[in-house]
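Colleague: I would like to learn how to read a model like this one. Please take me through it feature by feature.

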Amino acid sequence: MARSALINVMVQTAMKAGRSLSRDFGEVQNLQVSLKGPGDYVSQADRKAEEIIYNELSRARPGYSFLMEEGGSVEGDDPQHRWIVDPLDGTTNFLHGIPVFAISIALERQGQLVAGVIYNPAMDELYTAERGGGAFLNDRRLRVAARSKLSDAVIGTGIPHLGRGHHGNALLDLRNVMGETAGIRRLGSAALDLAYVAAGRMDGFWEDTLAPWDMAAGIVMVREAGGFVTDRDGGGKIFETGKVVAGNEAIHRSLLKTLAKQGR
Ligand code: IPD
Ligand code: CA
Ligand code: CA
Ligand code: CA
C-alpha cells in the first residue's frame, strides 16, 4: 500500500508521539497529573505527546493552523489548513494502566476533513484514511461491518463522568439502545471507537459532549470505510453540537431512530 506524502507526515508524527506515550505508560505511577475539572485529568504524557506533534507537523507543513486539546488554537499563516489534534485520547484509561488509548491527528482543508490518522501504540495499531483514498488498519483496507439489523449489532458509546452533566440523558440513551442491540461497549477512547466502527469491529457508535479533537480523524476513517457519520439529527453539525452517531448505512439509520425515541 503506497501512502501519500501527507499521510506519511501524519504517520511519522503519530509514531513519534506514540513512542513517547509508550515510555510514559511504562512508568505511569511517576507521572505528574493535574485536574482540568471534576473527573477530567491531564498528565505530563499528554503534554509531551502534544509538543512532539506540534513540532513535527509545524516543521513538515509550516504555517498550517492548529486546534489541539491541551494547547488550544494556534492561528498559522495558512488558515485554509488546520490540524486537529488529540495527543492522548483515553487519558483516564492511560492513567489506570488500561492499554486502550490513541493519538488522533486530522487535517482540515478549507473547513473539510481530508485526512485522519489514529494510532494505538500499546497494540501497535495504526489507522489511516485520506479523503477518496480509503481507510486502512496497518496495511489492511477497512470496510464497515455488513450487519444491518440493530438486534445483531454491537454498539460503542461514551458515558459522561462527574462534572460533565447530561447524566440523565445518557441513561435514557443507554436504556433505549440496550433494549434493541446485541451489546454495548465503552472503550474509553472516542477516536478508537470510531476506528473500530471503520474496522467493522463495532457496528455503530454514538456519544454526546465530544470535542472536535476526539472525533475529527475518526470521522474521516468511518466515511472512508464506507460508513455514515452525522450529528444526532442526521445532519452535519457534529463539531458544533458535540454529538456524533456512526455506523454502516442501515445501523446508522436505526441508531438515529432509537436515539430519537426518548423525545428530548
Ligand atoms: C475522552 C475520551 C472518552 C470520551 C470523553 C473524552 P480524553 O477524551 O474520548 O472516550 O468519552 O468524552 O473526553 O480526555 O481522554 O482525550
Ligand atoms: Ca482530556
Ligand atoms: Ca479526547
Ligand atoms: Ca486527550
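Colleague: Start with a turn. In the hairpin of E7 and E8, which residue takes a positive phi?

Modeller: Asp124 does, with phi near 50°. That hairpin has 4 residues between the strands. Keep in mind throughout that this is a predicted model.

Colleague: In the hairpin of E6 and E7, how many residues lie between the strands?

Modeller: That hairpin has 2 residues between the strands. Gln110 takes the positive phi there, near 45°.

Colleague: Before I trust such angles, how should I read the confidence scores?

Modeller: Where pLDDT is low, the predicted coordinates should not be read in detail. Here the chain averages a pLDDT of 96. A score of at least 70 is reached by 99% of the residues. The model also has an ipTM of 0.98 and a pTM of 0.97.

Colleague: Now the pairing. In which sense do E6 and E7 pair, and over how many bridges?

Modeller: E6 and E7 are antiparallel, with 7 bridges. Find Arg109 and look across to E7: its bridge partner is Gln112. On to E7 and E8, which are also antiparallel and share 6 bridges. Gly116 is set opposite Ala129 in E8.

Colleague: How do the side chains fall along a strand?

Modeller: In a regular strand the side chains alternate between the two faces of the sheet. As for burial in this model, take E7. Of its 9 residues, 7 are buried, so E7 is largely enclosed by the rest of the structure.

Colleague: What is the strand order of the sheet?

Modeller: The order is E4-E3-E5-E6-E7-E8-E9-E10. The sheet is open, has 8 strands and shows mixed pairing. Its edge strands are E4 (72–74) and E10 (140–141), each paired on one side only. At the E4 end, E3 (residues 64–68) joins E4 through 3 bridges, running antiparallel. There, Leu67 stands opposite Ser73 in E4.

Colleague: Which helix lies across E5, E6, E7 and E8?

Modeller: That is H1, residues 5–25. The strands it crosses span 78–89 (E5), 102–109 (E6), 112–120 (E7) and 125–130 (E8). H1 runs at about 35° to E7. H5 (residues 190–198) packs on the sheet too. H5 touches E5, E6, E7, E8 and E9 (134–137). Its direction makes about 100° with that of E7.

Colleague: How do I read an annotated site?

Modeller: Take the residues from the record, then look at where they sit in the fold. An unreviewed UniProt entry annotates a "binding site" at Glu69, Asp86, Leu88, Asp89 and Asp214. These span 146 residues in sequence, yet no two of their C-alpha atoms are more than 9.5 Å apart, so they gather at one spot.

Colleague: Is Asp86 buried or exposed?

Modeller: Asp86 counts as buried, because it has 32 C-beta neighbours inside 10 Å. The cut-off for buried is 20 or more. Asp86 lies in strand E5. Beyond its sequence neighbours, Asp86 is in contact with Glu69, Ser104, Ala191, Trp213 and Asp214.

Colleague: And why does Asp89 count as buried?

Modeller: Because Asp89 has 27 C-beta neighbours inside 10 Å. Asp89 lies in E5 as well. Its contacts away from its sequence neighbours include Phe101, Ala102, Ser104, Ser189 and Asp214.

Colleague: Give me a contrasting case. Where is Leu259 found?

Modeller: Leu259 is in H8, residues 249–260. Leu259 is partly exposed, because 19 other C-beta atoms lie within 10 Å. Leaving aside neighbours within four places in sequence, Leu259 contacts Asp173, Asn176, Trp206, Arg232 and Val245. The C-alpha atoms of Leu259 and Leu172 are 8.7 Å apart, although 87 residues separate the two along the chain.

Colleague: Last, the whole chain. How many helices and strands does it have?

Modeller: There are 8 helices and 15 strands. The radius of gyration is 17 Å, close to the 18 Å given by the globule rule for 264 residues, so the chain is as compact as a globular protein of that length. Its C-alpha atoms fill a box of roughly 50 × 40 × 30 Å along the principal axes. Of the 264 residues, 46% count as buried. Look also at contact range: among contacts between residues at least 6 apart in sequence, 64% join residues at least 24 apart.

Conventions: Residues numbered from 1 in each chain as written. Chains lettered and ligands numbered in written order. Predicted model: local features only at pLDDT ≥ 70, side-chain atom pairs only at ≥ 80, totals over all residues. Pairing = 2+ DSSP bridges. Contact = placed C-beta atoms within 7 Å. Axes fitted to C-alpha atoms, helices over the stretch in contact; angles between N-to-C directions. pLDDT = per-residue confidence, 0-100. Buried ≥ 20, exposed ≤ 12 C-beta atoms within 10 Å, placed from the backbone. UniProt positions renumbered as here; feature names shortened; annotations may be inferred. Rg over C-alpha atoms; globule rule 2.2 N^0.38 Å.
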